[in-house]
Amino acid sequence: MVTSKRSLEVAKTNMESVIRSYGDFAYGSSGIEETVYEWMDCGFSAEQADAWLAAGCFNAIVARRLADAGMTPDQVAQSTGDGLGDYNATIGYKVANNDL
């Protein structure tokens, strides 16, 4: 049981480090702690969350839905001008922002 608790603490610390590295983009008004737990609750490791955030997908629930649909961070990192709004951004960002 101690190992499991320690592993969880390490995972949380690693996830917090990743989230902090992206600043407000990653956690916005939700706060870091809530965002850390959201990514972990969605089943992502810190490394996986880092890949989704690097792809512009700042929402863990959206990232989980994309992953469950077979999409990868590399795929959603592609830029597009499609969707709502007159701007180019990654697919991941536009989906997380409800613009695609």
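This passage describes aromatic pairs, charged side chains and a short strand in a predicted model.

A search of the whole structure finds 7 aromatic pairs. In one of them, Phe25 and Phe58 are arranged edge-to-face, with ring centres 5.6 Å apart and an angle of 70° between the planes. This pair links distant parts of the chain, since Phe25 belongs to helix α2 (residues 24-27) while Phe58 is found in the loop between α4 (46-54) and α5 (60-68), 33 residues apart. Both rings are partly exposed, the relative accessible area being 33% for Phe25 and 22% for Phe58. Phe25 also pairs with Tyr93, and here the arrangement is stacked, with 6.4 Å from centre to centre and 15° between the planes. Because Phe25 lies in helix α2 and Tyr93 in helix α7 (residues 91-96), this second pair ties together parts of the chain that are 68 residues apart in sequence. Tyr93, at 27% relative accessibility, likewise counts as partly exposed. The stacked label follows from the angle, because planes under 30 degrees apart are counted in that class, whereas those over 60 are counted as edge-to-face. Phe25, Phe58 and Tyr93 are among the members of a cluster linked by ring pairs, which also includes Tyr22 and Tyr87.

Tyr87, a member of this cluster, also has a charged residue over its ring, as Lys94 lies over the face of Tyr87 at 4.3 Å from the ring centre. Lys94 is found in helix α7, the helix that also holds Tyr93. Although Lys94 is buried, it has no salt bridge, and the nearest side chain of opposite charge, that of Asp99, is 6.1 Å away. That distance leaves the pair outside the definition of a salt bridge, because a side-chain nitrogen has to lie within 4 Å of a carboxyl oxygen. The side chain of Lys94 does, however, reach the backbone oxygen of Asp82 at 2.6 Å. Apart from residues up to four places away in sequence, Lys94 touches a run of residues from Thr80 to Leu84, namely Thr80, Gly81, Asp82, Gly83 and Leu84, and in addition Gly85, Tyr87, Ala89, Asp99 and Leu100.

Thr80, one of the residues touched by Lys94, lies in strand β1, which spans residues 79-80 and also holds Ser79. The two strand residues contrast in their accessibility, as Thr80 is buried, with a relative accessible area of 12%, whereas Ser79 is exposed, with a relative accessible area of 55%. A polar atom of the Thr80 side chain lies 3.0 Å from the backbone nitrogen of Asp82, the residue whose backbone oxygen is reached by the side chain of Lys94. When residues up to four places away in sequence are not counted, Thr80 touches Tyr87, Asn88, Ala89, Ile91, Lys94 and Leu100. With its neighbours within four places in sequence left aside, Ser79 is in contact with Asn88, Ala89 and Thr90. The C-alpha atoms of Ser79 and Ile91, which are 12 residues apart along the chain, are separated by 6.0 Å.

A search of the whole structure finds 2 salt bridges. One joins the side chains of Arg20 and Glu16, with an N to O distance of 3.0 Å. Arg20 and Glu16 both lie in helix α1 (residues 2-22) and are 4 residues apart, about one turn of the helix. Glu16 counts as partly exposed, at 25% relative accessibility. The other bridge is formed by the side chains of Asp68 and Arg64, at 3.1 Å from N to O. Because Asp68 and Arg64 are 4 residues apart in helix α5, about one helical turn separates them. Asp68 is exposed, with a relative accessible area of 59%, whereas Arg64 is partly exposed, at 25% relative accessibility. Besides its salt bridge with Asp68, Arg64 lies over the face of Phe44, at 4.4 Å from the ring centre. Arg64 thus has both a salt bridge and a place over an aromatic ring, while Lys94 lies over a ring but has no salt bridge.

Key. Residues are numbered from 1 along each chain as its sequence is written. This is a predicted model: local features need pLDDT of at least 70, side-chain atom pairs count only at pLDDT 80 or more; totals for chains, interfaces and linings use all residues. Side-chain values use heavy atoms; hydrogens and water are left out. Rings of Phe, Tyr and Trp (its six-membered ring) pair if their centres lie within 6.5 Å; planes under 30 degrees apart count as stacked, over 60 as edge-to-face and the rest as tilted. Helices (H or I, at least four residues) and strands (E, at least two) are DSSP runs, numbered from the N terminus. Buried means under 20% relative accessible area, exposed over 50%, partly exposed in between (1.4 Å probe, protein chains only). A charge sits over a ring if NZ of Lys or CZ of Arg is within 6 Å of the ring centre and within 35 degrees of the ring normal. Lys and Arg count as positive and Asp and Glu as negative; His and the chain ends are not counted. A polar contact is a pair of N or O atoms within 3.5 Å; within protein, one must be able to donate a hydrogen and the other to accept it, and residues adjacent in sequence count only if both atoms are side-chain atoms. Contact means heavy atoms within 4.5 Å.
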